[in-house]
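Here are some short exercises with worked solutions. Take a look at the chains first, then try each task before reading on.

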Amino acid sequence: MNEDAYAKEMIAALDGSLPLLRPEITEQLRLAREQACALATHSSYAHSYSAGHGVTWTDWVRQHRFGLAGMLLILALGGGTAVWQSSGNGKDDNTASVDTELLTGDLPVNAYLDGHLSKWVSNSSAY
Amino acid sequence: MPSADELSRFLADVERRAYRQAAFAVRDEQAALDIVQDSMMKLAEKYAGAPAAEFPLLFQRILQNTIRDYYRRQKVRNFWVSALSFFTAGRDDSDEEGQEHIQPTEEKDNPYNQLATGKNLALIENAIEKLPARQREAFLLRYWEEMDIAETATAMGCSEGSVKTHCSRAVRALAELLQDKGIKNE
């Protein structure tokens, strides 16, 4: 069997069938084609491709959107942690200084048990 | 850079064959239209600035990938439909609408086949539909789209040897299928 010739006979039959497509289908195909051409006309990809197959920044952003989203999330987490630490550490400065004084022996070991300690801490922080 | 007219001419030339290719593959009229439309949009969006001579290969590659994406989505969908049917088996209001979408269009309900003038044409189309996906893909690209073996291999993402094998098997399978239906190979 000559495979090429046999295949071409079948393809000729298929070609003959194309004009028999229903008008609704050909109309939908025409609309799809027009939409595609409109997109091509207004797309900046055409320009970027012709200009040395370069990539526009919007193309680059679209291609790397998941990586960028991940980086932004990490930056936000890092920034938030830094802000939280810098703002939160001030509140504990007094306690830290008391701890230091306890460790260095400037205060008695039962200083925390003293009911006036918190008052003393707030007074000393006022200076 | 090709003009929009060139792209339009190319798409006008290829759209009906692309639709038939997709319809052979997915056996669903609306899904085939969606696939062709998606492929056109992808070509226009990504490759409108490519040389016009590259359009056929690019478009076929996009079309075949879109058809494969459809298969994958259907596979996932079928999995969930069968998994969920386990829980809804006893219910009367089963998901008939979804099942209808998955099932291939019945031949008797396919208006295209009703319009086909020759019985042989419908037999040929049925035989092409019955081919394994890769054989059908190779056959249609090679003979209907008139691509050479290297281009077909590129569009299919396989080796040239595989293309030759798929094409040869497709033609032989078609000959056997049609012979069974009474169409002799002369």
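**Exercise 1.** In which loop of chain B is B:Glu146 found?

*Solution.* The model is predicted: local features need pLDDT of at least 70, side-chain atom pairs count only at pLDDT 80 or more, and totals for chains, interfaces and linings use all residues. Residues are numbered from 1 along each chain as its sequence is written, while chains are lettered from A and ligands numbered from 1 in the order in which they are written. Now find helix H7 (133–144) and helix H8 (149–156) of chain B; B:Glu146 sits in the loop between them. Helices here are DSSP runs of H or I with at least four residues, and strands are runs of E with at least two, numbered from the N terminus. Next, check the backbone: phi of B:Glu146 is near 55 degrees, a positive value in a residue other than glycine.

**Exercise 2.** Is B:Glu146 buried or exposed?

*Solution.* A residue is buried if 20 or more other C-beta atoms, placed from the backbone, lie within 10 Å of its own, exposed if 12 or fewer, and partly exposed in between. B:Glu146 counts as exposed because it has 12 C-beta neighbours inside 10 Å.

**Exercise 3.** Describe B:Arg27 in the same steps.

*Solution.* Begin with the place: B:Arg27 lies in the loop between helix H1 (4–26) and helix H2 (29–47) of chain B. Its phi is near 55 degrees, a positive value in a residue other than glycine. Then count: B:Arg27 has 16 C-beta neighbours inside 10 Å, so B:Arg27 is partly exposed.
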